[in-house]
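The questions below ask how certain labels attached to a structure are justified, and each answer sets a value against the cut-off behind the label.

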Amino acid sequence: MAKEISITLEDGKQKTCSQPINAGEIIKDLNLKKVVAACFDGQPVDLTCPLENSGTLAFITLDSVQGREILRHSTAHIMAQAVTELFPGTKLAIGPAIEEGFYYDFDCPQRFSEEDLIRIEKRMQEIIEQKLPFARKMLDKKSAWDFFRQNGEIYKTELIEELQDGTISLYQQGDFIDLCRGPHLPATGWVPAFKLLSIAGAYWRGSEKNKMLQRIYGTAFASAKELADYLHKIEEAQRRDHRKLGRELDLFSFQEEAGAGLVIYHPKGALLRATLEEFERKEHLKRGYQLAVGPQILKLDLWKKSGHYDNYRENMYFTEIEGEKYGIKPMNCLAHMLIYKSRLRSYRDLPLRYFELGTVYRHEKSGVLHGLLRVRGFTQDDAHILCTPDQLNDEIKGVIKFVQDVMAIFGFDYTMEISTRPEKSIGSDQDWERATNALMLALRDTGLAFAINEGDGAFYGPKIDVKLKDALGRSWQCATIQCDFTLPERFDLKYIGADGAEHRPVMLHRVILGALERFMGVLIEHYAGAFPVWLAPEQVRILTITDAQKDYAQVVESQLREHGIRVSADLRQEKIGLKIREAQLEKIPYMLIAGNKEIAEQKVSVRSRKDGDLGGFSLYQFIDRIKQEIEGKK
RNA sequence: GCCAGCGUAGCUCAGUUGGCAGAGCAACUGAUUCGUAAUCAGUAGGUCAGGGGUUCGACUCCCCUCGCUGGCUCCA
């Protein structure tokens, strides 16, 4: 008996349909193009999925965010089909769509090579040309488990075991069947453009205790042009890679004979770093922080007392002096607590904010090292705030504001998240809850959006993390705010309250830029090496036309230098075109050209890196201009 | 740490089936005194990452170590 149902479309129009009916049939009447799936009462469904009840129906097109996700997920299935056909016996793990594409994890005894990717792509193209429909099949849990069991798909059976009882959906295209929630494209022929990008290892379920599988990454787009644009974008991004720019601009190097993950700053990189350090000291002093400096190594017993020895030992380096064991600091907090403890504190002294550009060494596993973004020795713009519980909220908000102010100066976009208690940690549940609540409360007060990252906190407390992206879109944690009730306890820190009794202060660990190395890495990529004047290691270069301007150029140079401007003079017997080209490639913000004409007028011709020839300026006009830019951090 | 790939002049990269180590740019020397992104000519530059093995013979094949790249795991 056909039942009548009422479907509300996106434009508000109502449609009465008699069952059986699916979204695909409704679309036929509407003459819509590029629709790949639908959204029924907010739930994504295939166009072929029967509509059981009345409800609202929206269509998902290939070029929407959701549509692209479905496209990529379906392409992952096509890749899996191609791989199982080309490499019989391959076991399938998981194959989701991700931010910029998709991947699929395979357990295959044969190692995939670059050439294999080409073969797989070719086979995928054939599957696409066959226009195989993606058919949804519903099975009960037991039958689904049996089906995959028979085929030796041990990863799929493991996944099924964790699903709730009831029916499970499988998708079939051609002879290939995969466990999947869906929805999918109507057929394989709907993939307009795709490319396989790379092969990588990945642990099953992301745990290093499990077997390592082979992951193939790829991406798919609604048109060949979009795919080409994406590939072009990646190429562009590689051009601003800080490792490449670091060498080209002579900022820093890593050298095999010095050791992996250890930065060697060349003069220009050291100058850039010094500029950041100077900026940091000023900004911290402005906000009521005090400077502190701790030693590079501290006795082992102190690291035992703090809990680092039990919880952070794998990341620490140790040494010994006359039979006494020492730990090389991986964090700066210990010395700051010792400063606090060095005398009796009153509630009137709080909050105390100790700031240190503290260099730490951590044993990072060899495989994770990555240019300046992940190193073994680095300097944090670290501070520890000791305050009363009442002051905590304001202090956290103050730090968040500090982060916002600084990121605005550099023009960074960032995301925030809160990380909660990890497995390996110290302190009572109650303290962890208090600390986590304090961070959330402060974040909510500022009205900022944030994600929650379960179990990713530091061993001594929960934290707010601020993440920045590199040129290729990978996220790196920079600023972090960590709330800690535990270390003050372990070190028996106290202050005398207004009531004359002893109380326990709370401690905030926090960094703003994070590690100078990592920050410089993302900074180089952010500006593509073309630093704003206030950061540029060389701000101005004077270029002479001929030897006749040598003396004049040197006078100009020394005058600029007296005004604190970082300047050099190119007095070589070379053509002006060459000098400009070289200065431009070195991304120097200003070139001052000195020829006979300029001497006669007692001027300089200013050429900006960005806007080219700006015409003649008197030296004072130019100094005014550049000083204003430096002052405004432009 | 794990999986895969890679390592040739300062840089970017060629190097055939195992048979004398190559180019461009940079550097250096000389000439050129020039007006807004490359003047011309010449010279020099190599433990083919390091170590071991196979071979008459290894940049090339095999093993180990170091380092790098892309991921995974872990982190600022």
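A residue is called exposed when its relative accessible area is over 50%, buried when that area is under 20%, and partly exposed in between. The model discussed here is a predicted one.

Q: Why is aspartate 413 called exposed?
A: Aspartate 413 has a relative accessibility of 70%, and because the label exposed requires a value over 50%, aspartate 413 counts as exposed. Aspartate 413 is placed in the loop between helix H12 (392-410) and strand S22 (415-419).

Q: What does aspartate 413 touch, once residues up to four places away in sequence are not counted?
A: Aspartate 413 touches Lys467 and Leu468 on that count, where contact requires heavy atoms within 4.5 Å. The C-alpha atoms of aspartate 413 and leucine 468 are 6.7 Å from each other, although 55 residues separate the two along the chain.

Q: Why is arginine 215 called buried?
A: The relative accessible area of arginine 215 is 14%, and since buried means under 20%, arginine 215 is classed as buried. Arginine 215 belongs to strand S13, and beyond its neighbours within four places in sequence it is in contact with Tyr103, Tyr104, Asp105, Ser198, Ile199, Ala200 and Ala202.

Q: How do you know that the side chain of arginine 215 makes a polar contact with the side chain of tyrosine 217?
A: The distance for this pair of side chains is 3.1 Å, and the cut-off for a pair of N or O atoms is 3.5 Å, so the side chains of arginine 215 and tyrosine 217 are listed as making a polar contact.

Q: What makes isoleucine 496 partly exposed?
A: Isoleucine 496 has a relative accessibility of 24%, and because the class in between buried and exposed starts where under 20% no longer applies and ends where over 50% begins, isoleucine 496 counts as partly exposed. Isoleucine 496 lies in strand S26 (residues 495-496), and its C-alpha atom is 4.7 Å from that of serine 346, a residue 150 places away in sequence. Its contacts, leaving aside neighbours within four places in sequence, are Leu344, Arg345, Ser346, Tyr347, Ala501 and Glu502.

Q: What makes the phi of arginine 205 worth noting?
A: Arginine 205 has a positive phi of about 60° and is not a glycine. Most residues other than glycine have a negative phi, so a positive value departs from what most of them show. Arginine 205 sits in the loop between S12 and S13, and with 41% relative accessibility it counts as partly exposed.

Q: Where is lysine 633 placed, and how is its accessibility classed?
A: Lysine 633 is in the segment after helix H19 (619-631), and its relative accessibility of 23% makes it partly exposed. Lysine 633, too, has a positive phi, of about 50°, although it is not a glycine.

Q: Why is the peptide bond from glycine 182 to proline 183 singled out?
A: This bond is cis, with omega near -5°. Most peptide bonds are trans, so a cis bond departs from what most of them show. Proline 183 is in the loop between strand S11 (176-179) and S12. Another cis peptide bond joins leucine 350 and proline 351, with omega about 0°, and proline 351 lies in the loop between helix H11 (333-341) and strand S20 (352-361).

Q: How do you know that residues surround RNA strand B, and which are closest?
A: Because a residue is near a strand if one of its heavy atoms lies within 4 Å of it, the residues can be counted: 56 surround RNA strand B, and the closest are Ser366, Arg374, Gln477, Gln573 and Glu598. H17 gives the most to this surface, with 7 residues. By class, the surface near RNA strand B has 19 nonpolar, 15 polar and 22 charged residues.

Q: Which part of RNA strand B lies 3.0 Å from an N or O atom in the side chain of arginine 474?
A: A phosphate oxygen of RNA strand B lies at that distance from the side chain of arginine 474, whereas for arginine 607 the partner, also at 3.0 Å, is a sugar or linking oxygen. For glutamate 208, a polar side-chain atom is 3.2 Å from a sugar or linking oxygen of RNA strand B.

Methods:
Residues numbered from 1 in each chain as written. Chains lettered and ligands numbered in written order. Predicted model: local features only at pLDDT ≥ 70, side-chain atom pairs only at ≥ 80, totals over all residues. Heavy atoms only, no water. Polar contact = N/O pair within 3.5 Å; in protein donor to acceptor, adjacent residues only side chain to side chain. Helix = DSSP H or I, 4+ residues; strand = E, 2+ residues; numbered from the N terminus. Nonpolar A, V, L, I, M, F, W, Y, C, P; charged D, E, K, R; others polar. Buried < 20%, exposed > 50% of the residue type's maximum accessible area, 1.4 Å probe, protein only.
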